[in-house]
Amino acid sequence: MTRLIGAHTVDAGGIHMAALRAGRGGMDALQIFTAIPKYYGDKASIRPERVVRFRAALNDAGIAAANVVAHAAYVLNTATDDEVKWQRAAAGLRKELERSSTLGIGAVCFHPGAATGGDRDSAAERVAKAMAGALDAVAAGTRLLVENTAGAGMTMGRTPAEVGAILAALPRRLRARAGYGLDTCHLFAAGHDLTGSPAALERILDGFETAAGEPPSFFHLNDSEGPLGSNKDRHVLIGEGKIGTEPFRWLLQDRRTAGIPLILETPQESYEPAGDDPSPDPYDVRMVKLLRSLAA
Ligand SMILES: [Zn+2]
Ligand SMILES: [Zn+2]
């Protein structure tokens, strides 16, 4: 089965330009932000002309909308025990799902946030409650996916058990519209050593699959600047970090990387291309080529 390789390309000029850059970079998948990620975006909607331009660009790029993931704002903390902040994060998540479903794309991924207050069980329930609110508010289509985290402080989503607990707390009727994805840098930073052997990597994926009751719905393919267990969320180019190239070969040979978006979130050579320049980033081109050779 094919490996759907893509990246979170720069959206200078608009998200349709991100799609064109991905297409020119030979990608099959894409990740975007649908609003400025450092704000809640709980009021931001998407204008119809932007939707039309984006869909046309995807078509031009040869990327199926199902293979596009929107990354939610980083500030949304749906795990918090602060009621005011939780309300705002839940509203932000709902809007993320609404914008993505307007675009007709496959999924929204989000970081579950920090278990302020200290109790991780009730934090998992709060995350699930925010997810349920979003899924109930937006008609079926785009899925909502929890992303594993690097595990700094009280952040949720470090372990298979935490990801599993969030998904298990969802109402059954919504469960099929939810899932999770794994970021290799976050796995490593959270203490999951995927560098030992293909079997060690497989055991880590098995752990998540068992706890969640399903395989991941996307991967973020990033090398890690920080060492194992450092909780440091710093992505570097594949082969230039503490994970190294070989574990990515093992991962790309695993059945669980088939047919789902595999998204690079590695550094760009330029973060400020001209708004009308559809050329792909040279680093992305190099990374896509590397991943294809590892998958072969
Ligand atoms: Zn992320
Ligand atoms: Zn990260």
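The following paragraphs describe the barrel, the zinc site and the helix packing of a predicted model.

The strand architecture is considered first. Eight strands form a closed barrel in the order E1-E2-E3-E4-E5-E6-E7-E10, and their pairing is parallel. From one strand to the next, the twist averages 30°. In general terms, the strands of a sheet pair through backbone hydrogen bonds, in either a parallel or an antiparallel arrangement.

Strand E1, which spans residues 4–8, is mostly covered, with 5 of its 5 residues buried. Leu4, Gly6 and His8 point one way from E1, whereas Ile5 and Ala7 point the other way, and all are buried. Within the barrel, E1 pairs with two strands. With strand E10 (residues 261–264), E1 pairs in the parallel sense over 4 bridges, and the bridge partner of Leu4 in E10 is Pro261. With E2, the parallel pairing of E1 extends over 3 bridges, and Gly6 stands opposite Ala29 of E2. Elsewhere in the barrel, strand E6 (residues 178–183) pairs with strand E7 (residues 219–221), again in the parallel sense, over 2 bridges. In this pairing, Asp183 is placed opposite His220 in E7.

The zinc site is described next. The zinc ion (ligand 2) has as its protein donors His186 through NE2, Asp233 through OD and His235 through NE2, at 2.0 to 2.1 Å from the ion. The spacing of these donor residues in sequence is H-x46-D-x1-H. Two of them link distant parts of the chain: His186 belongs to helix H6 (residues 184–189), Asp233 lies in the loop between strand E8 (223–224) and strand E9 (235–236), and the pair is 47 residues apart. The accessibility of these two donors can also be stated. His186 has a relative accessible area of 2% and is therefore buried, the limit being under 20%. Asp233, with a relative accessible area of 39%, falls between the limits of 20% and 50% and so counts as partly exposed. A further zinc ion (ligand 1) is separated from the zinc ion (ligand 2) by 4.9 Å.

Helix H1 (residues 15–24) includes Leu20. Of the 10 residues of H1, 8 are buried, so the helix is largely enclosed by the rest of the structure. The buried positions are Ile15, His16, Met17, Ala18, Ala19, Leu20, Arg21 and Ala22. These buried residues pack against strand E2 (29–32), helix H2 (48–61) and H3. Leu20 has a relative accessible area of 16%, which places this residue in the buried class because the value is under 20%. In sequence, 38 residues separate Leu20 from Leu58, while their C-alpha atoms are 7.0 Å apart in space. When its neighbours within four places in sequence are left aside, Leu20 is in contact with Ala57, Asp60 and Pro278. Just after H1, Gly26 adopts a positive phi of about 75°.

Two helix crossings complete the description. Helix H3 (residues 83–103) and helix H4 (residues 120–137) have axes that come within 8 Å and cross at roughly 40°. This angle makes H3 oblique to H4, because it exceeds the 35 degrees under which axes count as roughly parallel and is below the range of 65 to 115 degrees that counts as roughly perpendicular. The crossing of H3 and H4 is right-handed. On the H3 side, the contact is made by Trp86, Ala90, Leu93, Arg94 and Leu97. On the H4 side, the contributing residues are Arg126, Lys129, Ala130, Met131, Gly133, Ala134, Leu135 and Ala137.

For helix H7 (residues 198–212) and helix H8 (residues 246–253), the axes come within 10 Å and cross at roughly 55°. H7 is therefore oblique to H8. The crossing of H7 and H8 is likewise right-handed. In this crossing, Pro198, Leu201 and Leu205 of H7 meet Pro247, Trp250 and Leu251 of H8.

Notes. Residues numbered from 1 in each chain as written. Chains lettered and ligands numbered in written order. Predicted model: local features only at pLDDT ≥ 70, side-chain atom pairs only at ≥ 80, totals over all residues. Heavy atoms only, no water. Pairing = 2+ DSSP bridges. Axes fitted to C-alpha atoms, helices over the stretch in contact; angles between N-to-C directions. Donors = N, O, S within 2.8 Å, 3.2 Å for Na, K, Ca; no water. Buried < 20%, exposed > 50% of the residue type's maximum accessible area, 1.4 Å probe, protein only. Parallel < 35°, antiparallel > 145°, perpendicular 65-115°, else oblique. Left-handed = near helix turned anticlockwise from the far one by under 90°. Contact = heavy atoms within 4.5 Å.
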